[in-house]
Amino acid sequence: MFITIALVCSVIATILDYFLFIKEKTVKEYVRVFFRNVFSVTFISLAVQRYVMHYDHFLVTAGYKTKNYVHFFIVSFAVAILLEVFYAFVNSRLSFTQSEPPKRNKTATAIRIISVVLFFLGCAAYFGTVWGLGAFGEVTGDQLIINLTSPTEGTEASVYTDGFEGPVFSTLLATVIFAVIIFSKFNIELIIKDKAHVIFNDLAKRIICFVLAMACIISGVAYGVDKFSLDTVYNAYVAKSDIIDKNYADPETTKVEFPQKKRNLIHIYLESVEVSFLSKELGGYMKKNLMPNLTRLADNGIVFSDTDEKFGGPQAGTGTQWSIASMVNQTSGLPMKAPGMANVYGNEGNFLPGAYTLGELLEREGYEQTVMFGASARFGGLEFYFKTHGNWKIMDYDYAIANKMLPKDYKVWWGFEDDKLYEFAKEEITRMYKTGKPFNFTMENADTHRPGGYVTPGKKKPFKSPYANAVWNSDRDVCEFIKWVMKQPFYENTTIVLIGDHNSMETDFFEYYKFDDKYQRKQFNLILNPDPSVANVDEKVTRNRMWSNWDMFPTIVSSIGGRIDGERLGIGTNLFSGKKTIFEEYGVDKANKELEKGSKLYNEEILGGMTLKGARKKTNFVSG
């Protein structure tokens, strides 16, 4: 079928030759031109189909749909026309000629400048969207606003490199070419019967370039709006919903009772780790399980699944699918929503000042608390969140350099690699245990971060995909750390929570393994050694659950023995209780759509809950 389409376009090209370019009207010349067109159009079109459009076959066509054939016809027709133009120039049937210097025309100059600006903006929107999708996946408009207004200190250098080499360079290159064309002075003449006809002059060029610029900005912006769901920006700042207001249980005023002997908590955010990294028979998408060690650990732990199989996870909720948001979700029971005009997340004392978090709850209970990152906690304003929400010791890349844990010029990956992170974690947990207080140790690993992941030199790389190797090694490393914890004297009274912070943004990995769009990706989760009161929970409570990151806040509290009046903190529901989550009450799609919208409680009390003295406003929220 594809070859037939190419042949049809070859015939069209030959007909154009007959009327415009063939001088010798002989059968021999017609046959020569026809076979030239057949050879050129067919092979070039099939090459574009194979290497640009990435169609696997052109002989076996059973799996293709009508749209595939339409796309190929457009490509073949374009190839035929471009070849005709090429041959016309080669045979001197078309030619460039110097046009007369145009009279000074302010309107014409203005149109040229406007066209260049519109073309630049359209290219920036298109290439920026393409890069954003490749770099971060399908993020939403409100997430973009948060990321653009948050601090970027500590970002891994290759992120900036990719950004310049991708959308910035592509946009500038395309705009320079466009500007050269629109400001150049030339005509195109067509020779018919030895007589020259001007078919393209300065006026035609201005009109075509202006139309092209308009099409570019309209299509570029429309593409960005569609792919980044920019309607969420409208929802965040214009539309209103009371879903948070109705379902919010203030963690400060909700009654939470802890046992007299308090359990320790180790909370590990597994960067980008999701269920899809498991083998297909376990609910993942891989032929070979990339996380065999975590899989074995799960035999003795609790996994909350959205299916009737053991391995599942949370649904992607509004304001959840990036690292900082996930930490906010799981410690405050709230989505991370777009900031107000006077409130951004990257200022000290201004990061959800009205929220009451797990850190503050455990501080009230006398816990020793440390949070550890291999990157800088300044990234995204995380240090401000932890500084103002609990008595946390923050041990990040900057801390390690300042305290001579690393050489002052040391920089690997996003700061320092996970091998060092786990060694520092062992030392810090040991110190915390020796204080005699219950402890809450939280950390996030980073070797599975984009772009491409990181594998320490010398470690095995059994897969062709660099990111698969990063996941494979990270699985072993984190489980070696957990095995160490299990051998310590405090483990009997310690709960370990492991959860992927969000779905992976490493789009090259999913393209390499040809993930089906219908496959639903979910974060991995596992709770080890929970409090005896919830250790033997029934599978009816752990499976077929619709939940999201914010439900982890009360679930974590319950896993260390906390008894929650109403089983809700923030908008999160204690999954151990079996009580319905807001996703189970409203439905996932409806709840997410409502959560995109503005909330009076969130805007006024959570985002704006800071008095002039810097103290959190006391509220009278009723437990949900």
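**Exercises on a predicted protein model**

Of the 624 residues in the protein, 54% are buried (under 20% relative accessible area, with exposed over 50% and partly exposed in between, for a 1.4 Å probe and protein chains only). This is a predicted model, in which local features need pLDDT of at least 70, side-chain atom pairs count only at pLDDT 80 or more, and totals for chains, interfaces and linings use all residues. Residues are numbered from 1 along each chain as its sequence is written, and side-chain values use heavy atoms, with hydrogens and water left out.

**Exercise 1.** State how many helices and strands the protein has.

Solution. Begin with the terms: helices (H or I, at least four residues) and strands (E, at least two) are DSSP runs, numbered from the N terminus. Counting these gives 22 helices and 14 strands.

**Exercise 2.** Describe how helix H11 is covered and what follows H11.

Solution. Locate H11 at residues 323-332. Next, check burial: ten of its ten residues are buried, among them Ile324, Met327 and Val328. Finally, move past the end of H11 to Gly333, which has a positive phi, near 70°.

**Exercise 3.** Place Thr581 in the chain, decide whether Thr581 is buried or exposed, and list what Thr581 touches.

Solution. Thr581 lies in the loop between strand S14 (572-573) and helix H20 (582-586). Its relative accessibility is 0%, so Thr581 counts as buried. For the last step, contact means heavy atoms within 4.5 Å. Leaving aside residues up to four places away in sequence, Thr581 touches Arg545, Met546, Trp547, Asp551, Arg568, Thr573 and Leu575.
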